[in-house]
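User: I would like a close look at one helix of this model, followed by a connected account of how helices pack and how the chains meet. Please explain each step of reasoning for a first-year student.

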Amino acid sequence: MGGVEGVVDGRDQDDVQVRAAQRGDRKAFEALVIRYQDRIYNACFRVMGDGEEARDCAQETFIKAYRSLKTFRFEAAFGTWLYAIAVNTCRNRLQSAAYRAKRKTVPLHAPADEDPGGCMAELQDPSLSPLEQLSRKEGERRLQRAIAALPDAPRTLIVLRDIEGLSYEEVAQATGLELGTVKSGLARARARLRENLKGEATG
Amino acid sequence: MTCREIQEQLSLYVDHELDAEDEAAVREHLEGCPACREALRDLELCLQAMRDMPRHSAPPGFLEGVSDRLEAGGRWKRRLEGVWELLRSKRPLEVVGVLATAVVVVLAYQVFDGRQKTLLSPPDDAVAPPRAAYERSLELAEAPVAEQVTRVRDAPPLLRLRVVKTVGPEAAGGSAEPGGRADSQAAGDGFERHTREKAARSVGAPEADVAADGLEPLSLAKVREKPPVLSQAALEEKLESAEKKPALSPDALLSAVEAAILGCGGTLIGVEPGPDHPDSRVLSFRVPAERYDALLQELRPLGRLEIQEPAGLARGAGEPWHLELILQP
(Lines give C-alpha, C1' and ligand atoms only; values in the text may rest on other atoms or scores of the structure.)
Protein backbone atom coordinates (compact mmCIF):
# COMPACT_ATOMS: atom_id res chain seq x y z
CA MET A 1 0.00 0.00 0.00
CA GLY A 2 1.47 3.28 -1.11
CA GLY A 3 0.15 5.31 1.77
CA VAL A 4 1.66 3.03 4.38
CA GLU A 5 5.06 3.12 2.72
CA GLY A 6 4.74 6.86 2.32
CA VAL A 7 4.04 7.35 5.98
CA VAL A 8 6.67 4.98 7.30
CA ASP A 9 9.56 5.38 4.85
CA GLY A 10 9.90 9.10 5.23
CA ARG A 11 9.78 8.96 9.03
CA ASP A 12 13.46 9.73 9.67
CA GLN A 13 13.36 12.66 7.29
CA ASP A 14 10.12 13.83 8.88
CA ASP A 15 11.60 13.66 12.35
CA VAL A 16 14.56 15.84 11.35
CA GLN A 17 12.25 18.44 9.86
CA VAL A 18 9.77 18.30 12.72
CA ARG A 19 12.60 18.94 15.19
CA ALA A 20 13.74 21.88 13.08
CA ALA A 21 10.17 23.22 12.90
CA GLN A 22 9.84 22.83 16.66
CA ARG A 23 12.87 25.13 16.97
CA GLY A 24 11.01 27.71 14.91
CA ASP A 25 12.33 26.89 11.44
CA ARG A 26 9.36 27.90 9.30
CA LYS A 27 10.98 26.54 6.11
CA ALA A 28 11.17 23.09 7.66
CA PHE A 29 7.46 23.23 8.48
CA GLU A 30 6.68 24.35 4.94
CA ALA A 31 8.63 21.38 3.62
CA LEU A 32 6.43 19.13 5.76
CA VAL A 33 3.30 20.84 4.43
CA ILE A 34 4.50 20.31 0.87
CA ARG A 35 5.23 16.64 1.56
CA TYR A 36 1.83 15.90 3.11
CA GLN A 37 -0.54 18.41 1.57
CA ASP A 38 -1.74 16.12 -1.23
CA ARG A 39 -2.33 13.15 1.08
CA ILE A 40 -4.17 15.21 3.68
CA TYR A 41 -6.16 17.08 1.04
CA ASN A 42 -7.16 13.86 -0.72
CA ALA A 43 -8.28 12.31 2.58
CA CYS A 44 -10.29 15.43 3.46
CA PHE A 45 -11.77 15.47 -0.04
CA ARG A 46 -12.98 11.88 0.23
CA VAL A 47 -14.36 12.42 3.73
CA MET A 48 -16.03 15.78 3.04
CA GLY A 49 -16.94 15.10 -0.62
CA ASP A 50 -16.36 18.72 -1.51
CA GLY A 51 -13.27 20.55 -2.74
CA GLU A 52 -13.81 23.79 -0.85
CA GLU A 53 -14.54 22.04 2.44
CA ALA A 54 -11.55 19.76 1.85
CA ARG A 55 -9.23 22.74 1.34
CA ASP A 56 -10.47 24.44 4.50
CA CYS A 57 -10.16 21.29 6.60
CA ALA A 58 -6.74 20.40 5.18
CA GLN A 59 -5.38 23.91 5.77
CA GLU A 60 -6.80 23.93 9.27
CA THR A 61 -5.12 20.57 9.86
CA PHE A 62 -1.70 22.06 9.13
CA ILE A 63 -2.42 25.18 11.19
CA LYS A 64 -3.42 23.06 14.20
CA ALA A 65 -0.33 20.93 13.64
CA TYR A 66 1.91 24.00 13.58
CA ARG A 67 0.36 25.40 16.73
CA SER A 68 0.84 22.14 18.61
CA LEU A 69 4.20 21.14 17.10
CA LYS A 70 6.01 21.64 20.37
CA THR A 71 3.81 19.01 21.97
CA PHE A 72 4.54 16.38 19.27
CA ARG A 73 6.77 13.81 20.91
CA PHE A 74 7.42 11.35 18.08
CA GLU A 75 5.31 8.58 19.56
CA ALA A 76 3.52 8.11 16.24
CA ALA A 77 4.71 8.89 12.73
CA PHE A 78 4.24 12.55 11.90
CA GLY A 79 2.04 11.56 8.94
CA THR A 80 -0.25 9.51 11.18
CA TRP A 81 -0.45 12.43 13.60
CA LEU A 82 -1.51 14.68 10.73
CA TYR A 83 -4.20 12.18 9.70
CA ALA A 84 -5.43 12.19 13.33
CA ILE A 85 -5.73 15.98 13.29
CA ALA A 86 -7.41 15.86 9.87
CA VAL A 87 -9.93 13.25 11.07
CA ASN A 88 -10.84 15.42 14.07
CA THR A 89 -11.03 18.55 11.96
CA CYS A 90 -13.35 16.89 9.44
CA ARG A 91 -15.45 15.37 12.22
CA ASN A 92 -15.88 18.73 13.94
CA ARG A 93 -16.78 20.32 10.65
CA LEU A 94 -19.30 17.58 9.80
CA GLN A 95 -20.90 18.01 13.23
CA SER A 96 -20.96 21.81 13.14
CA ALA A 97 -24.27 23.58 12.88
CA ALA A 98 -23.02 25.67 9.94
CA TYR A 99 -22.09 22.58 7.93
CA ARG A 100 -25.38 20.84 8.66
CA ALA A 101 -27.32 23.88 7.56
CA LYS A 102 -25.28 23.97 4.36
CA ARG A 103 -25.77 20.27 3.72
CA LYS A 104 -29.53 20.73 3.92
CA THR A 105 -29.49 23.14 1.04
CA VAL A 106 -26.52 22.03 -1.08
CA PRO A 107 -25.83 18.40 -1.99
CA LEU A 108 -22.27 18.53 -0.66
CA HIS A 109 -21.59 14.91 -1.35
CA ALA A 110 -22.03 15.18 -5.08
CA PRO A 111 -18.46 14.87 -6.35
CA ALA A 112 -17.02 18.20 -7.34
CA ASP A 113 -15.78 16.88 -10.65
CA GLU A 114 -19.03 15.15 -11.53
CA ASP A 115 -20.00 15.19 -15.15
CA PRO A 116 -23.77 15.34 -15.14
CA GLY A 117 -25.46 12.96 -17.52
CA GLY A 118 -23.99 9.85 -18.93
CA CYS A 119 -22.73 8.16 -15.78
CA MET A 120 -25.80 6.06 -15.21
CA ALA A 121 -25.98 5.11 -18.88
CA GLU A 122 -22.59 3.47 -18.47
CA LEU A 123 -24.17 0.92 -16.18
CA GLN A 124 -26.27 -0.66 -18.88
CA ASP A 125 -23.87 -3.38 -20.04
CA PRO A 126 -25.66 -6.55 -18.84
CA SER A 127 -22.64 -8.78 -19.45
CA LEU A 128 -20.75 -7.18 -16.57
CA SER A 129 -21.73 -7.27 -12.92
CA PRO A 130 -22.12 -3.85 -11.31
CA LEU A 131 -18.87 -4.31 -9.40
CA GLU A 132 -16.95 -5.37 -12.50
CA GLN A 133 -17.94 -2.13 -14.10
CA LEU A 134 -16.27 -0.29 -11.27
CA SER A 135 -12.88 -1.29 -12.59
CA ARG A 136 -13.58 1.17 -15.37
CA LYS A 137 -12.29 4.65 -14.85
CA GLU A 138 -15.71 6.21 -15.09
CA GLY A 139 -16.83 4.13 -12.11
CA GLU A 140 -15.14 6.68 -9.85
CA ARG A 141 -18.18 8.88 -9.75
CA ARG A 142 -20.46 6.09 -8.62
CA LEU A 143 -17.85 4.97 -6.14
CA GLN A 144 -17.51 8.48 -4.69
CA ARG A 145 -21.29 8.68 -4.34
CA ALA A 146 -21.40 5.31 -2.62
CA ILE A 147 -18.61 6.38 -0.24
CA ALA A 148 -20.35 9.70 0.40
CA ALA A 149 -23.56 7.85 1.29
CA LEU A 150 -21.81 6.10 4.21
CA PRO A 151 -22.23 7.58 7.69
CA ASP A 152 -19.29 9.73 8.81
CA ALA A 153 -17.41 7.20 10.94
CA PRO A 154 -17.43 4.24 8.49
CA ARG A 155 -16.56 6.65 5.69
CA THR A 156 -13.53 7.81 7.63
CA LEU A 157 -12.35 4.22 8.12
CA ILE A 158 -12.76 3.45 4.41
CA VAL A 159 -10.86 6.59 3.44
CA LEU A 160 -7.96 5.98 5.82
CA ARG A 161 -7.55 2.28 5.11
CA ASP A 162 -8.72 1.68 1.53
CA ILE A 163 -7.94 5.01 -0.10
CA GLU A 164 -5.03 6.35 1.94
CA GLY A 165 -3.61 2.89 2.58
CA LEU A 166 -2.90 3.22 6.30
CA SER A 167 -2.34 0.02 8.25
CA TYR A 168 -4.95 -1.08 10.79
CA GLU A 169 -2.70 0.14 13.60
CA GLU A 170 -2.28 3.53 11.95
CA VAL A 171 -6.04 3.80 11.42
CA ALA A 172 -6.52 3.04 15.12
CA GLN A 173 -4.01 5.77 16.04
CA ALA A 174 -5.58 8.29 13.67
CA THR A 175 -9.15 7.68 14.80
CA GLY A 176 -8.55 6.96 18.47
CA LEU A 177 -10.47 3.68 18.15
CA GLU A 178 -9.42 0.34 19.56
CA LEU A 179 -7.81 -1.97 17.01
CA GLY A 180 -10.68 -4.46 17.32
CA THR A 181 -13.20 -1.72 16.67
CA VAL A 182 -11.29 -0.68 13.56
CA LYS A 183 -11.35 -4.26 12.25
CA SER A 184 -15.04 -4.85 12.84
CA GLY A 185 -16.02 -1.32 11.83
CA LEU A 186 -14.09 -1.56 8.59
CA ALA A 187 -15.66 -4.93 7.74
CA ARG A 188 -19.13 -3.46 8.20
CA ALA A 189 -18.21 -0.30 6.31
CA ARG A 190 -16.97 -2.33 3.35
CA ALA A 191 -20.11 -4.50 3.37
CA ARG A 192 -22.26 -1.40 3.42
CA LEU A 193 -20.23 0.19 0.64
CA ARG A 194 -20.82 -2.87 -1.55
CA GLU A 195 -24.54 -2.59 -0.86
CA ASN A 196 -24.45 1.10 -1.77
CA LEU A 197 -22.68 0.27 -5.02
CA LYS A 198 -25.21 -2.37 -5.93
CA GLY A 199 -27.94 0.14 -5.14
CA GLU A 200 -26.20 2.68 -7.39
CA ALA A 201 -26.00 0.16 -10.20
CA THR A 202 -29.53 -1.19 -9.99
CA GLY A 203 -31.26 1.99 -8.81
CA MET B 1 -18.68 -21.90 9.92
CA THR B 2 -21.75 -20.70 8.05
CA CYS B 3 -21.56 -18.65 4.85
CA ARG B 4 -22.63 -15.60 6.85
CA GLU B 5 -19.81 -16.06 9.32
CA ILE B 6 -17.32 -16.62 6.51
CA GLN B 7 -18.45 -13.47 4.70
CA GLU B 8 -18.02 -11.47 7.89
CA GLN B 9 -14.40 -12.65 7.95
CA LEU B 10 -13.65 -11.78 4.32
CA SER B 11 -12.64 -8.19 5.09
CA LEU B 12 -9.89 -9.38 7.44
CA TYR B 13 -9.08 -12.28 5.10
CA VAL B 14 -8.22 -10.05 2.14
CA ASP B 15 -6.02 -7.91 4.43
CA HIS B 16 -4.25 -11.01 5.87
CA GLU B 17 -5.35 -9.91 9.34
CA LEU B 18 -6.82 -13.30 10.37
CA ASP B 19 -4.78 -15.69 12.44
CA ALA B 20 -3.49 -18.77 10.61
CA GLU B 21 -6.25 -21.07 11.85
CA ASP B 22 -9.12 -18.79 10.82
CA GLU B 23 -7.46 -18.02 7.51
CA ALA B 24 -7.16 -21.73 6.72
CA ALA B 25 -10.82 -22.27 7.66
CA VAL B 26 -11.96 -19.45 5.37
CA ARG B 27 -9.77 -20.70 2.51
CA GLU B 28 -11.13 -24.21 2.86
CA HIS B 29 -14.72 -22.97 2.87
CA LEU B 30 -14.12 -20.80 -0.19
CA GLU B 31 -12.89 -23.79 -2.20
CA GLY B 32 -16.27 -25.47 -1.87
CA CYS B 33 -18.63 -22.47 -1.85
CA PRO B 34 -19.34 -20.51 -5.07
CA ALA B 35 -21.51 -17.96 -3.22
CA CYS B 36 -18.72 -16.99 -0.83
CA ARG B 37 -16.21 -16.92 -3.71
CA GLU B 38 -18.53 -14.48 -5.44
CA ALA B 39 -18.67 -12.33 -2.29
CA LEU B 40 -14.87 -12.39 -2.10
CA ARG B 41 -14.60 -11.37 -5.76
CA ASP B 42 -17.05 -8.49 -5.18
CA LEU B 43 -15.01 -7.29 -2.22
CA GLU B 44 -11.72 -7.48 -4.12
CA LEU B 45 -13.20 -5.58 -7.08
CA CYS B 46 -14.50 -2.94 -4.73
CA LEU B 47 -11.11 -2.53 -3.02
CA GLN B 48 -9.31 -2.47 -6.38
CA ALA B 49 -11.68 0.24 -7.60
CA MET B 50 -10.87 2.36 -4.55
CA ARG B 51 -7.14 1.88 -5.11
CA ASP B 52 -7.65 2.96 -8.72
CA MET B 53 -9.50 6.15 -7.83
CA PRO B 54 -7.56 9.20 -9.03
CA ARG B 55 -5.97 11.13 -6.20
CA HIS B 56 -6.84 14.78 -5.76
CA SER B 57 -3.91 17.11 -5.24
CA ALA B 58 -4.04 20.12 -2.98
CA PRO B 59 -5.25 23.13 -5.00
CA PRO B 60 -2.78 25.80 -6.18
CA GLY B 61 -1.85 28.25 -3.46
CA PHE B 62 -2.50 25.73 -0.69
CA LEU B 63 0.80 26.31 1.12
CA GLU B 64 0.46 30.07 0.74
CA GLY B 65 -3.02 29.83 2.27
CA VAL B 66 -1.61 27.99 5.29
CA SER B 67 1.20 30.53 5.66
CA ASP B 68 -1.17 33.49 5.33
CA ARG B 69 -3.49 32.13 7.97
CA LEU B 70 -0.57 31.51 10.32
CA GLU B 71 0.76 35.01 9.65
CA ALA B 72 -2.66 36.58 10.17
CA GLY B 73 -3.06 34.80 13.50
CA GLY B 74 0.38 35.88 14.70
CA ARG B 75 -0.06 39.47 13.59
CA TRP B 76 -3.38 40.01 15.37
CA LYS B 77 -2.16 38.22 18.44
CA ARG B 78 0.79 40.60 18.64
CA ARG B 79 -1.47 43.63 18.20
CA LEU B 80 -3.90 42.52 20.87
CA GLU B 81 -1.04 41.76 23.22
CA GLY B 82 0.24 45.29 22.57
CA VAL B 83 -3.12 46.79 23.56
CA TRP B 84 -3.25 44.59 26.62
CA GLU B 85 0.28 45.49 27.65
CA LEU B 86 -0.60 49.17 27.41
CA LEU B 87 -3.71 48.72 29.53
CA ARG B 88 -1.68 46.89 32.15
CA SER B 89 1.06 49.50 32.18
CA LYS B 90 -1.02 51.83 34.37
CA ARG B 91 0.25 54.88 32.48
CA PRO B 92 -2.78 57.19 32.58
CA LEU B 93 -2.06 59.22 29.46
CA GLU B 94 -1.62 56.23 27.21
CA VAL B 95 -4.67 54.51 28.65
CA VAL B 96 -6.72 57.64 28.04
CA GLY B 97 -5.34 57.63 24.51
CA VAL B 98 -6.42 54.04 23.96
CA LEU B 99 -9.89 54.72 25.33
CA ALA B 100 -10.23 57.82 23.18
CA THR B 101 -9.20 55.78 20.16
CA ALA B 102 -11.75 53.17 21.15
CA VAL B 103 -14.50 55.80 21.27
CA VAL B 104 -13.48 57.11 17.84
CA VAL B 105 -13.45 53.60 16.41
CA VAL B 106 -16.84 52.76 17.91
CA LEU B 107 -18.28 55.95 16.41
CA ALA B 108 -16.68 55.15 13.08
CA TYR B 109 -18.06 51.65 13.34
CA GLN B 110 -21.57 52.99 13.87
CA VAL B 111 -21.25 55.41 10.99
CA PHE B 112 -19.82 52.84 8.62
CA ASP B 113 -21.85 49.92 9.89
CA GLY B 114 -20.98 46.82 7.94
CA ARG B 115 -17.61 48.22 6.89
CA GLN B 116 -15.74 47.62 10.10
CA LYS B 117 -13.59 45.05 8.40
CA THR B 118 -12.28 47.69 6.03
CA LEU B 119 -11.61 50.01 8.93
CA LEU B 120 -9.75 47.54 11.06
CA SER B 121 -8.11 45.11 8.69
CA PRO B 122 -4.79 45.81 7.09
CA PRO B 123 -4.93 45.64 3.28
CA ASP B 124 -2.83 42.49 3.05
CA ASP B 125 -5.44 40.56 5.03
CA ALA B 126 -7.61 40.50 1.94
CA VAL B 127 -5.89 37.31 0.81
CA ALA B 128 -7.07 35.31 3.83
CA PRO B 129 -9.67 32.79 2.65
CA PRO B 130 -13.22 33.54 3.75
CA ARG B 131 -15.35 31.24 5.89
CA ALA B 132 -12.34 29.40 7.20
CA ALA B 133 -12.59 28.06 10.71
CA TYR B 134 -9.35 29.66 11.75
CA GLU B 135 -10.53 33.01 10.55
CA ARG B 136 -13.70 32.63 12.59
CA SER B 137 -11.45 32.23 15.58
CA LEU B 138 -10.13 35.69 14.85
CA GLU B 139 -13.52 37.33 15.21
CA LEU B 140 -12.27 38.95 18.36
CA ALA B 141 -9.50 40.59 16.40
CA GLU B 142 -11.99 42.05 13.95
CA ALA B 143 -14.30 43.47 16.60
CA PRO B 144 -14.16 47.17 17.45
CA VAL B 145 -11.37 48.06 19.87
CA ALA B 146 -13.75 48.92 22.72
CA GLU B 147 -15.29 45.48 22.42
CA GLN B 148 -11.85 43.89 22.29
CA VAL B 149 -10.94 45.63 25.51
CA THR B 150 -14.13 44.52 27.23
CA ARG B 151 -13.77 40.96 26.06
CA VAL B 152 -10.11 40.78 26.92
CA ARG B 153 -11.04 41.81 30.43
CA ASP B 154 -13.74 39.14 30.61
CA ALA B 155 -13.12 36.15 32.80
CA PRO B 156 -11.14 33.50 30.92
CA PRO B 157 -13.05 30.41 29.81
CA LEU B 158 -13.73 27.72 32.38
CA LEU B 159 -12.22 24.28 31.72
CA ARG B 160 -13.61 21.57 33.97
CA LEU B 161 -11.52 18.43 33.65
CA ARG B 162 -12.76 15.17 35.14
CA VAL B 163 -10.78 11.92 35.35
CA VAL B 164 -13.57 9.49 34.62
CA LYS B 165 -11.74 6.24 34.61
CA THR B 166 -8.22 4.97 34.87
CA VAL B 167 -7.93 1.76 32.92
CA GLY B 168 -5.56 -0.46 34.81
CA PRO B 169 -5.01 -4.16 34.20
CA GLU B 170 -7.54 -5.05 36.90
CA ALA B 171 -10.21 -2.81 35.37
CA ALA B 172 -9.50 -3.60 31.75
CA GLY B 173 -12.62 -5.66 31.17
CA GLY B 174 -14.69 -2.80 29.80
CA SER B 175 -13.66 -0.17 27.37
CA ALA B 176 -10.04 -1.20 27.08
CA GLU B 177 -10.95 -4.55 25.65
CA PRO B 178 -10.39 -4.79 21.91
CA GLY B 179 -13.88 -4.48 20.55
CA GLY B 180 -13.76 -7.29 17.99
CA ARG B 181 -16.25 -9.77 19.44
CA ALA B 182 -18.79 -7.37 20.83
CA ASP B 183 -18.50 -5.05 17.86
CA SER B 184 -19.18 -7.74 15.32
CA GLN B 185 -22.63 -8.15 16.79
CA ALA B 186 -23.61 -4.59 15.97
CA ALA B 187 -25.14 -4.18 12.55
CA GLY B 188 -24.85 -1.68 9.74
CA ASP B 189 -24.18 1.87 10.76
CA GLY B 190 -24.41 0.70 14.35
CA PHE B 191 -20.68 1.26 14.26
CA GLU B 192 -21.10 4.97 14.71
CA ARG B 193 -23.76 4.54 17.33
CA HIS B 194 -21.66 1.91 19.05
CA THR B 195 -18.69 4.24 19.15
CA ARG B 196 -20.80 6.97 20.68
CA GLU B 197 -22.44 4.61 23.14
CA LYS B 198 -19.07 3.28 24.08
CA ALA B 199 -17.86 6.79 24.69
CA ALA B 200 -20.96 7.50 26.71
CA ARG B 201 -20.47 4.33 28.73
CA SER B 202 -16.86 5.01 29.49
CA VAL B 203 -16.96 8.76 29.77
CA GLY B 204 -20.38 9.59 31.07
CA ALA B 205 -20.51 6.77 33.58
CA PRO B 206 -22.14 7.74 36.85
CA GLU B 207 -19.83 8.04 39.79
CA ALA B 208 -21.15 4.82 41.27
CA ASP B 209 -19.68 2.98 38.28
CA VAL B 210 -16.39 4.68 38.78
CA ALA B 211 -16.39 3.58 42.39
CA ALA B 212 -17.07 0.06 41.19
CA ASP B 213 -13.80 0.25 39.27
CA GLY B 214 -11.93 0.52 42.53
CA LEU B 215 -11.55 4.29 42.54
CA GLU B 216 -12.57 6.43 45.45
CA PRO B 217 -15.49 8.85 45.05
CA LEU B 218 -14.61 11.94 43.09
CA SER B 219 -14.16 15.26 44.79
CA LEU B 220 -14.09 18.62 43.07
CA ALA B 221 -10.86 20.41 43.80
CA LYS B 222 -9.30 23.56 42.45
CA VAL B 223 -6.15 23.06 40.49
CA ARG B 224 -3.14 22.60 42.70
CA GLU B 225 -0.94 25.63 42.58
CA LYS B 226 2.26 23.73 42.10
CA PRO B 227 2.34 21.03 39.45
CA PRO B 228 5.14 18.54 39.96
CA VAL B 229 7.24 19.54 36.97
CA LEU B 230 7.15 23.34 37.19
CA SER B 231 8.88 25.39 39.85
CA GLN B 232 6.77 27.96 41.66
CA ALA B 233 8.48 30.80 39.82
CA ALA B 234 8.02 29.15 36.44
CA LEU B 235 4.38 28.49 37.19
CA GLU B 236 3.72 32.06 38.24
CA GLU B 237 5.40 33.28 35.09
CA LYS B 238 3.29 30.92 33.02
CA LEU B 239 0.08 31.93 34.75
CA GLU B 240 0.92 35.58 34.36
CA SER B 241 1.61 35.18 30.67
CA ALA B 242 -1.68 33.29 30.37
CA GLU B 243 -3.50 36.19 31.96
CA LYS B 244 -2.15 38.52 29.33
CA LYS B 245 -3.65 36.55 26.50
CA PRO B 246 -7.02 37.58 25.13
CA ALA B 247 -9.96 35.23 25.63
CA LEU B 248 -10.21 32.75 22.78
CA SER B 249 -13.35 32.39 20.72
CA PRO B 250 -15.24 29.11 21.29
CA ASP B 251 -13.90 27.63 18.03
CA ALA B 252 -10.33 28.67 18.78
CA LEU B 253 -10.60 27.31 22.32
CA LEU B 254 -11.86 23.96 21.03
CA SER B 255 -9.06 23.83 18.47
CA ALA B 256 -6.44 24.69 21.07
CA VAL B 257 -7.74 22.06 23.48
CA GLU B 258 -7.82 19.44 20.73
CA ALA B 259 -4.27 20.29 19.79
CA ALA B 260 -3.19 19.99 23.42
CA ILE B 261 -4.82 16.56 23.72
CA LEU B 262 -3.37 15.25 20.47
CA GLY B 263 -0.01 16.76 21.34
CA CYS B 264 0.07 14.77 24.56
CA GLY B 265 -0.48 11.51 22.71
CA GLY B 266 -4.20 11.55 23.52
CA THR B 267 -7.08 10.45 21.33
CA LEU B 268 -10.44 12.16 21.09
CA ILE B 269 -13.51 9.98 21.49
CA GLY B 270 -16.18 12.56 20.90
CA VAL B 271 -17.35 16.14 21.19
CA GLU B 272 -20.89 16.86 22.33
CA PRO B 273 -22.78 20.06 23.15
CA GLY B 274 -22.23 20.96 26.79
CA PRO B 275 -24.50 22.21 29.55
CA ASP B 276 -25.65 25.73 30.43
CA HIS B 277 -24.32 27.62 27.40
CA PRO B 278 -24.76 27.24 23.62
CA ASP B 279 -20.98 27.45 23.05
CA SER B 280 -20.19 24.98 25.81
CA ARG B 281 -18.72 21.63 24.71
CA VAL B 282 -17.99 18.31 26.37
CA LEU B 283 -14.92 16.51 25.05
CA SER B 284 -14.33 12.91 25.93
CA PHE B 285 -10.89 11.54 25.29
CA ARG B 286 -8.15 9.20 26.41
CA VAL B 287 -4.66 10.20 27.34
CA PRO B 288 -1.69 8.06 28.45
CA ALA B 289 -1.46 8.20 32.24
CA GLU B 290 2.15 9.31 32.17
CA ARG B 291 1.19 12.31 30.02
CA TYR B 292 -1.59 13.51 32.31
CA ASP B 293 0.53 16.17 33.99
CA ALA B 294 1.85 17.35 30.62
CA LEU B 295 -1.76 17.74 29.49
CA LEU B 296 -2.59 19.84 32.55
CA GLN B 297 0.32 22.12 31.71
CA GLU B 298 -0.96 22.52 28.16
CA LEU B 299 -4.51 23.28 29.34
CA ARG B 300 -3.69 25.77 32.08
CA PRO B 301 -2.82 28.69 29.77
CA LEU B 302 -6.16 28.27 27.98
CA GLY B 303 -8.44 29.22 30.86
CA ARG B 304 -9.41 28.58 34.45
CA LEU B 305 -8.80 24.90 34.92
CA GLU B 306 -10.81 22.99 37.49
CA ILE B 307 -9.83 19.41 38.06
CA GLN B 308 -11.97 16.62 39.40
CA GLU B 309 -9.98 13.50 40.05
CA PRO B 310 -10.08 10.50 42.34
CA ALA B 311 -8.14 10.85 45.57
CA GLY B 312 -4.74 9.21 45.57
CA LEU B 313 -4.53 9.13 41.79
CA ALA B 314 -1.38 7.22 40.83
CA ARG B 315 0.38 8.81 37.90
CA GLY B 316 2.77 7.03 35.62
CA ALA B 317 0.79 3.84 35.11
CA GLY B 318 1.13 2.81 31.49
CA GLU B 319 -2.56 2.56 30.68
CA PRO B 320 -4.64 5.27 29.02
CA TRP B 321 -7.10 7.19 31.16
CA HIS B 322 -10.53 8.29 30.12
CA LEU B 323 -11.12 11.95 30.73
CA GLU B 324 -13.93 14.39 30.20
CA LEU B 325 -13.40 18.09 29.69
CA ILE B 326 -16.23 20.62 29.79
CA LEU B 327 -15.41 23.89 28.02
CA GLN B 328 -17.41 26.93 29.04
CA PRO B 329 -16.24 29.94 27.06
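Analyst: The structure is a predicted model. Consider helix α5 of chain A, residues 78-95: at 1.5 Å a residue, its 18 residues should span 26 Å, and the end C-alpha atoms are indeed 26 Å apart, so expectation and model agree. This helix, α5(A), is also mostly covered, with 15 of its 18 residues buried.

A pair of helices in chain B shows how two such elements pack. Helix α14 (residues 250-263) of chain B and helix α15 (residues 292-299) of chain B have axes 9 Å apart and meet at an angle of about 155°. Because angles over 145 degrees count as roughly antiparallel, α14(B) is roughly antiparallel to α15(B). Their crossing is right-handed. On the α14(B) side the contact is made by B:V257, B:A260, B:I261 and B:G263, and on the α15(B) side by B:L295, B:E298 and B:L299. By class, these residues comprise five nonpolar, one polar and one charged.

Helix α14 of chain B also has a part in the meeting of the chains. The contact between them takes 60 residues from chain A and 52 residues from chain B. Elements of chain B that each supply at least two residues to the side touching chain A include α14, α1 (3-14), α4 (62-88), α11 (190-203) and the strand β3 (267-273). The greatest contribution to that side comes from α3(B), with eight residues. In composition, the side of chain B that touches chain A has 27 nonpolar, 14 polar and 11 charged residues.

Methods. Residues numbered from 1 in each chain as written. Chains lettered and ligands numbered in written order. Predicted model: local features only at pLDDT ≥ 70, side-chain atom pairs only at ≥ 80, totals over all residues. Axes fitted to C-alpha atoms, helices over the stretch in contact; angles between N-to-C directions. Helix = DSSP H or I, 4+ residues; strand = E, 2+ residues; numbered from the N terminus. Parallel < 35°, antiparallel > 145°, perpendicular 65-115°, else oblique. Left-handed = near helix turned anticlockwise from the far one by under 90°. Contact = placed C-beta atoms within 7 Å. Nonpolar A, V, L, I, M, F, W, Y, C, P; charged D, E, K, R; others polar. Expected span 1.5 Å × (residues − 1). Buried ≥ 20, exposed ≤ 12 C-beta atoms within 10 Å, placed from the backbone.
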